[in-house]
Amino acid sequence: MTRRFCNIRVKSLMAKEESTQQWSKTGDNSTIRNRKRVPTSKDKITRHLSNDDTPSSNGTSAQQFSKGEASDGPSEVVLQMLVMGLSLSTRFYKITQPPHVCWDETHFGKMGSYYINRTFFFDVHPPLGKMLIGLAGHMTGYNGTFPFLKPGDKYEHHNYWGMRGFCAGLGSFLPIFAYLIVLDLSQSRSAALITASLLIFDTGCITISQYILLDPILMFFIMAAVLSMVKFNRQRHRPFSVPWWLWLVLTGVSLAGALGVKFVGLFVILLVGLNTLSDLWRLLGDLSLSLMEVTKHFLARVVGLIVLPLLLYVAIFAVHFLVLNKSGPGDGFFSSAFQSRLIGNNLHNASMPEFLAYGSTITVKNLRIAGGYLHSHWHLYPEGVGAKQQQVTAYHHKDYNNLWIVQRQQNDEYPSESPELVRHGDIIRLEHKETTRNLHSHLHEAPVTKRHFQVTGYGTNGSGDANDLWKVELSGGQKGDLVKVLRSKVRFIHRASGCVLYSSGKTLPKWGWEQGEVTCSPYLKETPNSQWNIEDHINPKLPNISLSILKPNFLEILLESHIVMIRGNSGLKPKDNEMTSKPWHWPINYQGLRFSGVNNSDYRVYLLGNPVVWWLNLASLGLYIVMVVVTSVALQRGLSLGANIIGRSAVLRGGGGLLLLGWALHYAPFYAMGRVLYYHHYFPAMLFNSMLSGITLDILLKSSDAVLQPPYCDWLQRFGQTVLLFSVFYSFYLFHPLSYGMTGPLAHEQGSTMAGLKWMDSWEF
């Protein structure tokens with residue numbers, strides 16, 4: 001019946017194309033601005049490519065050839081409930097196991113605790129995910145007292161299950177979201193079921209959803225944005241209706257959520273942006289719309305997809321700053337002015353001497369965002385790294401070893417009355433309070449930035465040599481100007497060599513405790529790296545002033561927090577004994593991640609995708625390209641193809657092309673990233689790959705009707721679907737201990753639950 005209808009439809013469209021050509025030959029263009037263009041056979045393909053279900057001239061939909069298969073009804077509701085039920089059961093099974101901290105729970109569980117305790121911290125990601133984790137913990141009775149020190153720490157009586165359950169709940173929505181997206185893009189229930197099965201029974205998706213991590217929250221918002229975008233596209237024939245506005249607003253909300261969890265959310269924003277530009281270009285070419293109507297469409301999308309997400313994103317940070325109002329471990333990453341707003345910080349509502357004086361004890365903070373405090377400790381530079389003298393570094397945390405004493409050139413006694421103030425152009429020494437060694441530089445090269453000079457601590461009890469002397473320069477200052485605490489931008493020029501004290505922003509090796517490198521730069525251009533301010537200032541002989549006037553406004557702290565996050569993200573380093581990976585490893589499932597346990601006595605959890613699912617996804621990428629090329633060439637050459645093949649080709653290029661673009665946008669940028677990368681970074685791209693696999697494999701199986709007659713083509717299709725689903729489920733059965741935990745012998749030992757399943761040497765379970 002469907003085939004007969006489609007043949008009639010094609011003939012009808014060809015007849016209308018003929019009539020259109022005849023009309024154009026008359027040369028009558030008097031009504032060109034008001035005409036309605038008659039659809040042609042090319043338009044049919046175009047509508048498939050854009051998933052436009054606008055009714056055509058005979059009242060039928062351009063996708064009617066497959067409407068019957070995806071029609072709503074009781075059976076469809078039952079299928080969606082089945083998908084959701086299987087997803088929930090696989091994600092919540094053994095959710096409390098193991099009852100100890102696993103992998104990055106040590107970070108994100110701890111950050112959830114910080115929100116409950118309102119303690120300020122620093123993280124390289126935007127705050128929404130951690131706020132939601134903290135809220136989930138608070139709502140389920142967790143009081144924020146567990147320290148989350150390291151993986152393996154027992155939770156004991158603490159209510160950790162609420163935070164895990166929240167992440168698992170959001171992760172459970174991924175298969176049903178994928179089902180609905182593929183159902184709308186392909187109008188094929190079987191394609192949607194294949195997609196849902198790939199995600200429901202993927203051990204990697206299960207594992208990453210069961211723990212206190214940002215990934216399930218991020219993927220929830222990414223998939224919600226894509227689903228809302230696809231649903232919005234389906235409302236094109238009802239512009240500005242309630243459903244049209246609903247899906248537009250939900251798309252904007254989901255985009256704000258994705259970006260509010262991780263900056264990776266920018267990739268789905270780019271996907272929606274490209275789709276929106278394509279949609280607006282289509283509207284601009286629709287001559288039945290006036291320019292005023294096109295402008296209304298444009299403004300609606302600006303409001304829904306730019307203004308609304310931006311406002312929500314800013315609101316997320318407003319809540320973040322409002323909640324985290326107490327001093328905590330993240331203070332030192334931010335400027336002195338930023339810290340002055342935190343309750344408990346030594347700068348909050350503090351008072352101290354306004355002008356720097358000799359004999360004062362101070363801390364010196366670099367003005368580069370996340371530049372750190374000038375710091376020293378008893379450890380020496382190792383053999384072969386410049387002079388073997390005391391290390392001087394930039395340290396991001398409050399510490400006693402950040403304290404320095406401002407001394408004159410000579411060790412003269414200070415007058416007992418008011419101390420002498422330091423001025424622009426003065427020559428001083430900075431003596432480290434704890435070790436009594438002077439800040440020192442010489443012509444040895446710096447440990448990391450080889451074109452700069454080394455900075456060390458030298459001398460004993462304040463005695464040293466001429467290389468301990470530094471000239472004080474104020475930004476825009478003149479000789480005799482006083483140095484103001486917190487407000488003056490100070491540079492320290494080395495008197496002997498003329499170089500300037502500099503925070504390079506680079507990280508020292510493990511011998512330097514991975515603290516920041518401090519050098520003496522021969523390049524004297526004024527930059528934040530070479531500028532410092534006096535933050536703490538202790539001198540009982542001077543009068544104090546209030547520092548409340550230094551508190552920054554909201555936009556200033558919003559900008560500063562983003563600069564700190566971006567710089568922190570780019571400087572991430574791998575943890576001890578942690579295996580990093582390269583982007584080419586990910587699609588082939590080359591190497592997983594150890595979430596818990598190492599030895600046979602441990603409860604072991606290993607993040608690794610279901611091999612059948614991931615290798616099917618990889619094969620489907622190649623298969624998709626081959627199928628699109630073959631059908632495109634055939635259509636371009638004008639070969640006679642059946643209506644079913646034409647319709648499937650349109651789905652491949654339209655819905656499949658959108659998913660391929662989503663996969664590429666969430667995968668390709670990692671090749672250009674300089675930061676440390678892990679296997680779990682691929683999971684958003686894997687969602688798009690799985691949806692593309694569902695469409696590609698479904699169309700491949702249905703294409704059996706091109707070589708076989710009914711009912712044989714139907715039998716072959718059912719057989720292929722059965723083999724596919726059985727392979728996915730059986731592989732899940734074999735590898736499910738990786739997700740749900742295993743104890744006892746390791747994979748290479750006799751009696752292991754994973755014996756014989758280490759199909760790649762790079763797998764570490």
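The chain contains 18 helices and 16 strands, and the model described here is a predicted one. Of its 765 residues, 55% are buried, and the accessible surface amounts to about 33,300 Å², with carbon and sulfur atoms contributing 61% of that area. Among contacts in the chain with a separation of 6 or more, 75% are between residues that stand 24 or more positions apart.

**Annotated transmembrane regions**

- The unreviewed UniProt entry assigns the feature "transmembrane region" to residues 161–183, 217–233, 245–278, 298–324, 612–633, 645–665, 677–695 and 715–735.
- In the model, the span of residues 245–278, one of those listed in the UniProt entry, is 91% helix and 0% strand, and the C-alpha atoms at its ends lie 19 Å apart.
- For residues 677–695, another span that carries the annotation, the helix content is 68% and the strand content 0%, with 30 Å between the end C-alpha atoms.

**Ser731 and its surroundings**

- Ser731 belongs to helix 18, which runs over residues 712–740, and its position also falls within the annotated region 715–735 in the UniProt record.
- The relative accessible area of Ser731 is 3%, and the residue therefore counts as buried, the cut-off being under 20%.
- Leaving aside residues up to four places away in sequence, Ser731 touches Asn610, Pro611 and Val612; Val612 is the residue at which the annotated region 612–633 begins.

**The disulfide**

- The structure holds 1 disulfide, and the cysteines that it joins are Cys499 and Cys520, with an S to S distance of 1.9 Å.
- The link of Cys499 and Cys520 is right-handed, with an angle of 95° about the S-S bond.
- Because Cys499 sits in the loop between strand 10 (490–494) and strand 11 (500–507), while Cys520 is part of strand 12 (residues 516–521), the pair ties together parts of the chain that are 21 residues apart in sequence.
- Cys499 has a relative accessibility of 0% and so counts as buried, and Cys520, with a relative accessibility of 0%, is likewise buried.

**Further buried cysteines**

- Cys102 has a relative accessible area of 1%, which means that this residue is classed as buried.
- Cys205, for which the relative accessible area is 2%, is buried as well.

How values were computed:
Residues numbered from 1 in each chain as written. Predicted model: local features only at pLDDT ≥ 70, side-chain atom pairs only at ≥ 80, totals over all residues. Heavy atoms only, no water. UniProt positions renumbered as here; feature names shortened; annotations may be inferred. Helix = DSSP H or I, 4+ residues; strand = E, 2+ residues; numbered from the N terminus. Buried < 20%, exposed > 50% of the residue type's maximum accessible area, 1.4 Å probe, protein only. Contact = heavy atoms within 4.5 Å. Areas by Shrake-Rupley, 256 points an atom, 1.4 Å probe, with all protein chains shown as cover. Disulfide = S-S within 2.5 Å.
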